[in-house]
Amino acid sequence: MLHGVCLGTNDLARAGVFYDRLLASVGMVRTMEVDNEIGYGPAGGKSCFWVLTPYDGQAASFGNGTQVTFRATSNTAVDGFHRLAIELGGIDEGAPGFRYRPRYYGAYCRDLDGNKLHVMFEADAEGTGRD
């Protein structure tokens, strides 16, 4: 079972500002911080996503074919996440829209270090979210 995901950064303070604002749009908050990492998760919950400076002291780099996906609460929330990521200095990697399946709505962007992020919402037949 997956416990969480870490992404590297070369500027933890700058990444923290980016992710504090961006992840708030999908209901996540900063849950912990130590010298070289910041954790995020649901309010009152455990960290499940971390941004950190690499432990080996080398520069952080992004993976080719690697992405982290966040679940939004609506198509409008997907739009907001994507727009906010770009406003905060991220890079567009795919505008919001329907893809893959009839009710799957998603968007892609890259963070300040080039890590690929995907945000999505998939409505059930009644138009609400599903797990």
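A salt bridge is a side-chain nitrogen of Lys or Arg within 4 Å of a carboxyl oxygen of Asp or Glu. In this predicted model, Asp20, Arg30 and Glu33 are linked in a network of such salt bridges. The legends below begin with the overall fold and then turn to individual sites.

**Figure 1. Overall view of the predicted model.** The protein contains two helices and eight strands. Read from the N terminus, its elements follow the order β-α-β-β-β-β-α-β-β-β. Along the principal axes, the C-alpha atoms occupy a box of roughly 50 × 30 × 30 Å. The radius of gyration is 15 Å, which agrees with the value near 14 Å that a compact globule of 131 residues would have. Of the 131 residues, 43% are buried. Among contacts with a separation of 6 or more, 46% are between residues 24 or more positions apart. The accessible surface amounts to about 7300 Å², and carbon and sulfur atoms account for 52% of this surface.

**Figure 2. The largest nonpolar core, which has 29 residues.** Tyr19, Leu23, Phe49, Phe70 and Leu117 are the residues with the most contacts inside this core. At least two core residues come from each of helix H1 (12-24), strand S3 (37-42), strand S4 (49-52), strand S5 (67-71), helix H2 (75-87), strand S7 (104-110) and strand S8 (116-122). Helix H1 gives the most, with six residues. In soluble globular proteins, nonpolar side chains tend to be buried together.

**Figure 3. Surroundings of Phe49, one of the residues with the most contacts inside the largest nonpolar core.** Neighbours within four places in sequence are left aside in this view. Beyond them, Phe49 is in contact with Val5, Leu7, Tyr19, Leu23, Met28, Ile38, Gly39, Tyr40, Val68 and Phe70. Among these partners, Tyr19, Leu23 and Phe70 also belong to the group with the most contacts inside the core.

**Figure 4. Surroundings of Val78 in helix H2.** Val78 has a relative accessible area of 0% and is therefore buried. Apart from residues up to four places away in sequence, Val78 touches Ala72, Pro96, Tyr105, Gly106, Ala107, Val119, Met120 and Phe121. For a sense of scale, Val78 and Lys46 are 32 residues apart in sequence, and their C-alpha atoms are 23 Å apart in space.

**Figure 5. Salt bridges around Arg30.** The protein has four salt bridges in total. Side chains of opposite charge can pair when their charged atoms come close. In one of the pairs, the side chains of Arg30 and Asp20 meet at 2.8 Å, N to O. This pair links distant parts of the chain, with Arg30 in strand S2 (residues 28-34) and Asp20 in helix H1, ten residues apart. Arg30 has a relative accessible area of 33% and is therefore partly exposed. Asp20 likewise counts as partly exposed, at 31% relative accessibility. Arg30 also forms a salt bridge with the side chain of Glu33, at 2.6 Å, N to O.

**Figure 6. The salt bridge between Arg101 and Glu122.** The two side chains meet at 2.8 Å, N to O. Here, too, distant parts of the chain are linked: Arg101 lies in the loop between strand S6 (91-98) and S7, whereas Glu122 lies in strand S8, 21 residues apart. Arg101 is partly exposed, with a relative accessible area of 40%. Glu122, by contrast, counts as buried because its relative accessibility is 10%, and the cut-off for buried is under 20%.

**Figure 7. Surroundings of Arg110 in strand S7.** With a relative accessible area of 18%, Arg110 is buried. The side chains of Arg110 and Glu93 are joined by a polar contact of 3.3 Å. Leaving aside neighbours within four places in sequence, Arg110 is in contact with Phe62, Gly90, Ile91, Glu93, Asn115 and Lys116.

**Figure 8. Backbone of Tyr100 in the loop between S6 and S7.** Most residues other than glycine have a negative phi. Tyr100 has a positive phi of about 70 degrees although it is not a glycine. Tyr100 has a relative accessible area of 55% and is therefore exposed.

Notes. Residues numbered from 1 in each chain as written. Predicted model: local features only at pLDDT ≥ 70, side-chain atom pairs only at ≥ 80, totals over all residues. Heavy atoms only, no water. Core = buried A, V, L, I, M, F, W, Y, C linked by side-chain atoms within 4.5 Å. Buried < 20%, exposed > 50% of the residue type's maximum accessible area, 1.4 Å probe, protein only. Helix = DSSP H or I, 4+ residues; strand = E, 2+ residues; numbered from the N terminus. Contact = heavy atoms within 4.5 Å. Rg over C-alpha atoms; globule rule 2.2 N^0.38 Å. Areas by Shrake-Rupley, 256 points an atom, 1.4 Å probe, with all protein chains shown as cover. Polar contact = N/O pair within 3.5 Å; in protein donor to acceptor, adjacent residues only side chain to side chain.
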